[in-house]
Amino acid sequence: MTYQVFDTTLRDGGQREGISYSVADKLAVARLLDEFGVGFIEGGWPGAMPKDTEFFARARNELDLRNAVLVAFGATRRANVDVATDPQVQALLDAETPVVCVVAKSDIRHVERALRTTGEENLAMVRDTVTHLIANGRRAFVDCEHFFDGFRHDPDYTASVVKAAFEAGAERVVMCDTNGGMLPSMITAAIEDVVRRTGIAADRLGIHCQNDTSCAVANTVAAVEAGVEHFQCTANGYGERPGNADLFAVVSNLQLKLGLKVLPDGCLEKATRVSTALAEIANIAPDTHQAYVGAAAFAHKAGLHASAIKVDPLLYNHVDPAVVGNDMRILVTEMAGRASIELKSRELGLDLAGHPETLTEVTRKVKDLEAGGWSFEAADASFELLVRSELPGEDFVRPFALESYRVQVEHREDGSVVSEATVKVRVRGERVIATAEGNGPVNALDEALRVALSKHYPELKTFELADYKVRILEGSHGSNAITRVLVETSDRHREWTTVGVHENVVEASWKALTDALTYGLARTTTPAA
């Protein structure tokens, strides 16, 4: 069997709300998809979209694809128009891709109401377009739009569109769940029925599923199990409305669960990295709970899970995370037991197994702090500092000690608001006082602390505040509510997250900020307060 992995991220995926690829973005996406091993990359609709026309023109000179071929997408000729003079069909040829995929109406209701033509003319449009593309040296795929809805309404007509495409020489005819309303059993039944009606083998058919019932991945897998060998997906499930079948979930399920070879050797383990890179290009935050490739896909929180994982990781992981390039993570929360704390510490390079008393004490502190509103689940750096401060033999000393800080906010006559902070710290035996201004109290504190420490720790200039999140804890209300602050810091090579909790948002921020600088400095220096 030769499975055709057909990716339509650049066309269908680009229809997701909030995504707008530049031509440079599209070229970068194509390179990543090719690296992942897909067989076909649908680049867009030349002629209809100027950006797509430019993409195909640049792709000829700038893309060196090793696994995939580019596909131009468009429509069949217009009703009652000679295919040789249809400018849209000519634009598909001008794209100079080896494969062209044309969309055809396969629901008689759409033919008559949307195209405002007859069923016979629509069949002629399919035949003429496919024949013309093949005569000009192209491989032709046909997407049957609204296939499943049309098949349920008038199966004979929808089957006739499939037959017309194949009779004209189409290599694949793709059944599209355009409205995304199907369930797996419906997909399987329709495939079996169309095979009976047409006599066409299922392996010549393709599947394209939208995710309106949250079944796009399941529907795609069901189609492959029914004999289909061509399946269309988008990276991370991008697409209009709820999206499309997620490329990474589909190929992982087919390869790892059904044992089907759908990607070249060595490609599946790139899934997590490629997924994240494509999310960055789309300027969409990666879905942490995405199957297989999400940051939480193999994250364990319950202490019972951790106890079993300590014995054998596969007891609570459905596959080895490494096969898709992901990692197992142990989350440290109020649900954590000794096993969770031990495994998480080991993950961070700290061995508590030989220190049972320390393990007990760290577990107690974590539970007490979490009960008070702290959350180490997303703050590995703060958790590591906690463990290091308790672990015998670490000789962990914070790089500075606070004497006091003061922050004041001034609303000036011109309407500007300026914050000023003064910090007094002891660092390497020296008492240092520093003052700085900022656009807010937290920014001013951060600046003042950096001024105070810069003489002793010049590496601080590489530290940047990457993200700052404030949350009022559930169950607390009003201006005196307990506040949790998460600070994400970067040194241009890696990022780490710290947490602070207090009734006062400035104090909560101070705790997170000082942990952030302490963690970063501990990685680069031998501190002494």
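**View 1. Charged side chains over phenylalanine rings.** In this predicted model, the charged end of lysine 26 sits over the ring of phenylalanine 55, 5.3 Å from its centre, where a charge counts as sitting over a ring if NZ of Lys or CZ of Arg is within 6 Å of the ring centre and within 35 degrees of the ring normal. Arginine 11 lies over the face of phenylalanine 73, at 3.8 Å from the ring centre. Residues are numbered from 1 along each chain as its sequence is written, and side-chain values use heavy atoms, with hydrogens and water left out. Local features need pLDDT of at least 70 and side-chain atom pairs count only at pLDDT 80 or more, whereas totals for chains, interfaces and linings use all residues.

**View 2. The nonpolar cores.** A nonpolar core is a set of buried Ala, Val, Leu, Ile, Met, Phe, Trp, Tyr and Cys residues joined through side-chain atoms within 4.5 Å, and buried means under 20% relative accessible area, with exposed over 50% and partly exposed in between (1.4 Å probe, protein chains only). The largest such core has 91 residues, and those with the most contacts inside it are Phe36, Phe55 and Phe231. Leaving aside residues up to four places away in sequence, phenylalanine 231 touches, among others, Tyr3, Phe6, Ile207, Val224, Leu254 and Val262, a contact being heavy atoms within 4.5 Å. Apart from the largest core lies another, of 32 residues, which include Val442, Ala444, Leu449 and Trp510.

**View 3. A stacked pair within helix α6.** Rings of Phe, Tyr and Trp (its six-membered ring) pair if their centres lie within 6.5 Å, and planes under 30 degrees apart count as stacked, over 60 as edge-to-face and the rest as tilted; by this rule the count comes to eleven aromatic pairs. The rings of phenylalanine 147 and phenylalanine 151 have their centres 5.6 Å apart and their planes at 15 degrees, so this pair is stacked. Both residues lie in helix α6 (residues 147–153), four residues apart, about one turn of the helix; helices (H or I, at least four residues) and strands (E, at least two) are DSSP runs, numbered from the N terminus. Phenylalanine 147 is buried, with a relative accessible area of 0%, and phenylalanine 151 is buried as well, with a value of 6%.

**View 4. An edge-to-face pair between a loop and a strand.** Phenylalanine 463 and tryptophan 496 form an edge-to-face aromatic pair, 5.4 Å centre to centre and with 80 degrees between the planes. Phenylalanine 463 lies in the loop between α16 and β14 (464–472) and tryptophan 496 in strand β16 (residues 495–502), so the pair ties together parts that are 33 residues apart in sequence. Both phenylalanine 463 and tryptophan 496 are buried.

**View 5. The open sheet β11-β12-β13 and its helices.** Three strands form this open antiparallel sheet in the order β11-β12-β13, in which two strands pair if DSSP finds at least two bridges between them. The edge strands, each pairing on one side only, are β11 (401–411) and β13 (430–438). β11 and β12 (residues 417–427) pair over ten bridges, and histidine 411 stands opposite valine 417 in β12. Helix α16 (residues 441–453) packs on the sheet, touching β11, β12 and β13, and its direction makes about 35 degrees with that of β12; axes are lines fitted to C-alpha atoms, for helices over the stretch in contact, and angles run from 0 to 180 degrees between N-to-C directions. Helix α17 (residues 505–522) also packs on the sheet, touching β11 and β12, with its direction at about 135 degrees to that of β11.
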